Amino acid sequence: MPLVIPVFIPHEGCPHQCSFCNQRRISGQDRGPVSGHDVARTVTTWLARAGGRPGREVQVAFYGGSFTALDPARQEELLRAVAPFLARGLVGSLRLSTRPDAVDPGRLALLGRYRVTLVELGVQSMDDRVLALAGRGHDSGAVVRAVRLLREASLQVGLQLLPGLPGESRRSLMRTTRAVIDLRPDMVRIYPALVLAGSPLARMFHRGRYQPLSLAGAVVRVAWMKSRFAAAGIRVVRMGLQAGPDLEEALVAGPWHPAFGELVQARLMLRRTRRLLARVPAGEQVLLSISSRDQSLFRGQHSANIRRLAQLGLADRFALRLDPEQPRGTVRCLGRKMETRGQGPDEFAPAAR
Ligand code: SF4
């Protein structure tokens, strides 16, 4: 895993106030713009903290604003602050986030000079109606164009999606997911829409004009998206916003959970297990195998998965084996269990607790 040093430039370069966004609140950075000196100090601090792990890939990331929409002089100020670290080999590359409509060949040429290797686009949705209601100021065509230009500039592409925005239906979320798969990004982040204090969405929520997804509803939708992306070989590197006191303070409503990604993984694990056990005739038992590191995912939060299997009458149809070599997130059926009494030495029947 590379060490990613985040530098927040909240709302810098943003030509629009998107309805769901309040970067100042969630980044906890409510003072003026960061200077080149601030950037250098942040990088130095992170490198010192990470000391003792030579050879680890280090990447500086500019997040929280629309980097390529900044004035070119301002972009250069921020990029130049990292240049000495690049020259000394202390930082290997940069990544940044920006808006799809702020990508053109001229702006990308500047990024190439400072070893930017990955650009993350705030896509949110590929449904033009959802984009308009969110006040994005661009349509889905801008995303398609931006991805093509990034590819032509040999940059890696990350896409950020926000299920649960106003005007989105299950069907439009499915269309968004399919459209994103067609774009073949290198990675995806999925952040279910939250109502943040001070955002236009918070005003809509207080007036009763917006209802966020429930936590359970968001888990179901994101699990579906994750499984589609996985089937297409597209990495989902994050699900749900990073926990932190600033976010918790700014949160008005919405499907937030400090371990949202784990809830999604646990749901997917339950789905795989159910599929395998559905083929097991009543009265028979099979041996399932999971990674030794997936025990808590298999159980689910507060053993929710085990309870669900019991409700479905599937809890007594398997014994579990932990395999340190098995890839994480997978469930394998090793066939019919031969012992009729008790478990083998490395098997157990998980119980709710
Ligand atoms: S979502 Fe992106 S473009 Fe919109 S206000 Fe937030 S940082 Fe700016």
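Let's start in the middle of the sheet: Ser-97 has Glu-120 in S4 as its bridge partner. That pair belongs to a parallel pairing of strand S3 (residues 93-98) with strand S4 (residues 116-124), which extends over five bridges. Keep in mind as we go that this is a predicted model.

From here we can step back to the sheet as a whole. It is open, has seven strands in the order S1-S2-S3-S4-S5-S6-S8, and its pairing is parallel. Its edges are strand S1 (3-8) and strand S8 (235-239), each of which pairs on one side only. From one strand to the next, the twist averages 20°.

Let's walk in from the S1 edge. S1 and S2 run parallel and are paired over six bridges; to find your way, look for Leu-3, whose bridge partner in S2 is Val-58. S2 is in turn joined to S3 by four bridges, again in the parallel sense, and here Gln-59 has Ser-93 in S3 as its bridge partner. Val-58 and Gln-59 also introduce the two faces of S2. Val-58, Val-60 and Phe-62 make up the covered face, while Gln-59, Ala-61 and Tyr-63 make up the uncovered one. For a helix in this region, turn to H2 (residues 36-49), which lies across S1 and strand S2 (58-63) and runs at about 150° to S1.

Next comes a residue in helix H3 (residues 72-87), namely Gln-75. Is Gln-75 buried or exposed? With 21 other C-beta atoms within 10 Å, Gln-75 is buried, since 20 or more are needed for that label. Setting aside neighbours within four places in sequence, Gln-75 is in contact with Phe-67, Leu-70 and Leu-110. Between Gln-75 and Val-119 there are 14 Å from C-alpha to C-alpha, and the two are 44 residues apart in sequence.

Two backbone details deserve a look. Most residues other than glycine have a negative phi. Gln-124 has a positive value, near 70°, and its place is in strand S4. Arg-184 also has a positive phi, near 50°, but this residue is found in the loop between helix H7 (170-183) and strand S6 (187-190). How do their surroundings compare? Gln-124 is buried, with 26 other C-beta atoms within 10 Å, whereas Arg-184 is exposed, with 12.

Now to the ligand. Which residues surround the ligand? The shell consists of His-11, Cys-14, His-16, Gln-17, Cys-18, Cys-21, Gln-23, Gly-65, Ser-66, Arg-99 and Gly-122. By character, these shell residues divide into seven polar, three nonpolar and one charged.

We finish at helix H13 (residues 304-311), where Asn-305, Ile-306 and Leu-309 are buried. Why do these buried residues line one face of the helix? Seen down the axis of H13, they fall within an arc of 100°, so they share that face. Their cover includes helix H11 (260-278) and helix H12 (295-299). After H13 comes Gly-313, which has a positive phi, near 75°.

Notes
Residues are numbered from 1 along each chain as its sequence is written. This is a predicted model: local features need pLDDT of at least 70, side-chain atom pairs count only at pLDDT 80 or more; totals for chains, interfaces and linings use all residues. The arc is that of the directions from the helix axis to the C-beta atoms. Two residues are in contact if their C-beta atoms, placed from the backbone, lie within 7 Å. A residue is near a molecule or strand if its C-beta atom, placed from the backbone, lies within 6 Å of it. Ala, Val, Leu, Ile, Met, Phe, Trp, Tyr, Cys and Pro count as nonpolar, Asp, Glu, Lys and Arg as charged, and the others, Gly among them, as polar. Two strands pair if DSSP finds at least two bridges between them. Axes are lines fitted to C-alpha atoms, for helices over the stretch in contact, and angles run from 0 to 180 degrees between N-to-C directions.
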